[in-house]
Amino acid sequence: MREETAGELETDSLSPMEDGEEKERGIMGLQDDSKCQPGQPAPMDSQNSIPETGQNGVVVGTEMEEKGMEEGDLKKEMEEGDLKKEMGMEVEAEVKVELCQSGHGLQVSFIRGTDLFGYVGIEAVLDQMRRKTMKAGLEFNIMVVGQSGLGKSTLVNTLFKSKVSRKSCTSNYEEKISKTVKLHSVSHVIEEKGVRMKLTVIDTPGFGDQINNENCWEPIVKHVNEQYEKYLREELHINRKRRIPDSRVHCCIYFLPPTGHRLRLIDVEFMKRLGKIVSIVPVIAKADTLTIEERQEFKERIRQDLAANGIRVYPQKEYDEDPEDSILNDRIRESIPFAVVGTDKEHQVNGHKVLGRKTKWGIIEVENVEHCEFANLRDLLIRSHLQDLKDVTHNIHYETYRVRRLNESNVSFSELGLAPWPLENGTDDRGQSESHL
């Protein structure tokens, strides 16, 4: 008990000297804090904090206290205002970073339609683009490759529902087997609902018809590269045309004979080389000669051969731009190669005219997905992926050729007119271009 009371007395009661020392330490501490903390309001001076004693001691003390209170309030308000400004600037900066961040230090704000004051009319740009496209028209170049008798001309006529093939539009046409592969092009202007399209069909008679088919794809590879070179030269002119004529091959339909087995060596060699420089869509010609079971087995074997030989056919998976394209293209890739039937003759079926082939056991409707996959091929080439075929040709195949051509030639713009014609883009070296057919 005595120890506790002694401790309490020691803590509670301080000597006058110790009390003075504690006061001096407190005053010095306040002064040190005011010096060490920048940005904080300066504390009141020790002389002002203690009321002066004298004749007007009380009055001076109260005035200084009121002045100190007013200065403290003003400083607090100023601090709160600065704090709010800083907070507002930070929030605004965060919003700009989240919504408006862009490259090269530029800030571009994103304003949704709900944030607009009213109707602006930006969507009218689509109508402007549509009118401009309708006036200028578009160009589409399609190549058909396959042996004679597989229905290449008939299928092209069926695709565009008109006589657009070389065989159909040539008078007194006599089918002759060419000794070499020689390409023939026929151009037409097709107009539908105000939209004009210049269609060019490139036919390859004589491909695969010879006993010795060694390097029979070289004229085709050369033709594709020549069109790229022609476009490149036009593009690099100092005074180039406002609209460069586009003769590049946008799509190549490769016809497979309905053997029901696997890909032939000539099919593998051709698609290996052409798949690097043009978009290839393989089809099984005259699919009505196969039963449904044979057709499915044949398609499965072809897909296995394509994957085993590393052959790239359109649409390639690496070119899918968004999930929606991936879903649609996955469905298309599952159907490749398309089993098609072509005809340009109409028949009456249940009171309706349909395109079909008449046989003893019935009529094969070309546009009926239950009979063949012609409708899927038409949708791919024309209704859903026509513009994408043009974009892939320009942005992928032509860009690859352009970079390689300029790197190989290594010439200035003034010397481009003297530059030699390019090497074959579809072959890496002479050893690869040779076949054993």
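Start with the whole protein chain and turn on its surface: about 29000 Å² is exposed, with carbon and sulfur atoms supplying 52% of that area. Keep in mind that you're looking at a predicted model.

Now switch to cartoon. You'll find 14 helices and nine strands in the protein chain. Color by burial, and 34% of the 437 residues come up as buried. If you draw a contact map, count the contacts with a separation of 6 or more: residues 24 or more positions apart account for 67% of them.

Next, select residues 152–160, which is helix α6. Eight of its nine residues are buried, so the helix is largely enclosed by the rest of the structure. Show side chains for the buried set: Lys152, Ser153, Leu155, Val156, Asn157, Thr158, Leu159 and Phe160. Step off the end of α6 and you land on Lys161, with a positive phi near 50 degrees.

Then jump to 292–308, helix α10. Its 17 residues reach 24 Å from the first C-alpha to the last, close to the 24 Å expected at 1.5 Å a residue. Pick out Arg295, Phe298, Lys299, Ile302, Asp305 and Leu306, which are buried. Look down the axis of α10: the buried residues fall within an arc of 125 degrees, so they line one face of the helix. Spin to the other side for Glu293, Ala307 and Ala308, which are exposed.

What do the buried residues of α10 pack against? Select β4 (251–256), α9 (265–274), β5 (280–284), α11 (323–335) and β6 (338–339) to see these partners.

Last stop: Gly310, which follows α10 and has a positive phi, near 65 degrees.

Terms used. Residues numbered from 1 in each chain as written. Predicted model: local features only at pLDDT ≥ 70, side-chain atom pairs only at ≥ 80, totals over all residues. Heavy atoms only, no water. Helix = DSSP H or I, 4+ residues; strand = E, 2+ residues; numbered from the N terminus. Expected span 1.5 Å × (residues − 1). Buried < 20%, exposed > 50% of the residue type's maximum accessible area, 1.4 Å probe, protein only. Arc of directions from axis to C-beta. Contact = heavy atoms within 4.5 Å. Areas by Shrake-Rupley, 256 points an atom, 1.4 Å probe, with all protein chains shown as cover.
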